[in-house]
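User: Please take a close look at the interior of this predicted model, starting with the largest cavity and what lines that cavity, and then turning to the cysteines and the question of how many disulfides there are.

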Amino acid sequence: MKYIFIFVTLMLAVLAALPATAQAMTKPNIVLILADDMGIECLSAYGGTSLKTPNLDKLAAQSMRFLRCFSNPYCSPSRASLLTGRYPFQNGLTTVLDTLDKEEIYLRPDQPSFARQLKQTGYATQLVGKWHVALEHKHNTINEFGFDQYQTWRIFDEKGEKTTRYWTPYLIRNGTVIKDQIKERYGPDVDLELYLDFIKSSAAKQQPFLAYYSTCLPHFPWEPTPDSVDKSYRQPYSGHKGDPKYFPDMVAYFDKQVGKILQTLEELNIADNTIVMFLADNGTDQGLTVQWGNTKSIRGGKGTLTDRGTHVPLVVRWPGHIKTGTTCNDLIDFSDFFPTLCELTGAPMPEAKIQGQSFAPQLLGKTGTPREWIHIQHEGKRQVRNGEYMLNNKGELRPVVELWQEPAKPIENKDSDKEATVRKSLQKVFDVLGK
């Protein structure tokens, strides 16, 4: 018994003396992949039939697939809500940052950040692709939000002119413009190289990591990819949207990149300890039409407070923890990712109040506390939505309809008990949140 006691005491001492990196090895890595302008109708896993996404379909088959995840109608407010766990009216970023006169509108660094929280618990953090919660030529706040390393497309150059994001891209890497080093290269390729290098480096150090791939794909301008057969259409950016015929190529190229990310996790033997999350920042562009099923054509609804503008894919994989091939019908709001990531990684929640609600229990096969409503906003237009109805801040109540039936019309000349109850319930949300 004496020797057993001595052995146990020694083992406890050894465990206590382990460096922080060794203790952190049990924490799951986070691979967060955010597509740009890709509604649920773009994916075969959600019923889309006109675009090829084999790697995303494979990922979905290995994951929990969420059927009711909702973004804001434009990317800047969506990305801000994702990062801060707060709705646009609370974090201050309610509009898309697309013109030079909005350079003083940006997400303030005093807002919460899930990257900052994970960093506190020993995570290496990286952002690659598109930031778009500030115009970096004027306010580069990426490090302040907790990202150790980054590479992003800078929207405006030193002259205040819009830049290119695909061929011969205008990128900044950790504060330095690298456009001269990457002439004639394809922006997403440059991004993926750095992204995979970060994953490999973190794995070699046995340090848990948050790798946020916020790609520009498949947002316009619709241009040929390195895999496109027809590469005749390549023009400098001048406000054009490009040619929609290249949209399928861009979706396919993004899907190919997802395949490379998943393959890298396997080759490094860290796939089982890595949570992979894929989602999109808003619905498909209004200039595009995608087939859903055999007979239905869905026109993109980006920029609208409809399901076509805000209903986005979400799949989450964590081998051995999340049951493969499952679906979840709970409502998911973009603000929910902050508390979910904190709960899954053991990171502390911030002192500042957030509005997100963790869906980590659902991922792990538990009931959790499903949302009764979600909040969507663009500038002064807001709406709260439950499973059957949506109410905007003008008091208009609309039924939730299938994508191909949108936009839904306001309910007229009806005063049923159910609708009155729903209106009262959703109005109470506005009353509590603030109008």
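Analyst:
**The largest cavity and the cysteines**

In this predicted model, the residues lining the largest cavity divide into five nonpolar, one polar and two charged. The lining is made up of Arg-79, Leu-83, Leu-127, Lys-130, Trp-131, Val-133, Tyr-212 and Ser-214, with Arg-79 and Lys-130 counting as charged and Ser-214 as polar. Two elements, helix 4 (75-84) and strand 7 (209-214), each give two or more residues to the lining of this cavity. The space inside the largest cavity comes to about 50 Å³, and the model holds four cavities of 30 Å³ or more.

As for the cysteines, the count of disulfides is zero. Cys-69 takes part in no disulfide, since the nearest cysteine sulfur, which belongs to Cys-328, is 10 Å away, whereas a disulfide calls for two cysteine sulfur atoms within 2.5 Å. Cys-69 is also buried, at a relative accessible area of 0%.

A similar look at Cys-75 shows that the closest cysteine sulfur, in Cys-216, is 9.4 Å from the sulfur of Cys-75, and therefore too far for a bond. Cys-75 is buried as well, with a relative accessible area of 3%. Cys-75 also falls within the range of helix 4 (75-84), one of the elements named above for the lining of the largest cavity.

Methods
Residues are numbered from 1 along each chain as its sequence is written. This is a predicted model: local features need pLDDT of at least 70, side-chain atom pairs count only at pLDDT 80 or more; totals for chains, interfaces and linings use all residues. Side-chain values use heavy atoms; hydrogens and water are left out. Buried means under 20% relative accessible area, exposed over 50%, partly exposed in between (1.4 Å probe, protein chains only). On a 1 Å grid over the protein atoms alone, a cavity is a set of points where a 1.4 Å probe fits but cannot get out, and a pocket is an open set with protein on both sides within 12 Å along at least five of seven lines; lining residues have an atom within 4 Å of a point. Grid points are joined across faces, edges and corners, and a volume is the space filled by probe spheres set on the points. Helices (H or I, at least four residues) and strands (E, at least two) are DSSP runs, numbered from the N terminus.
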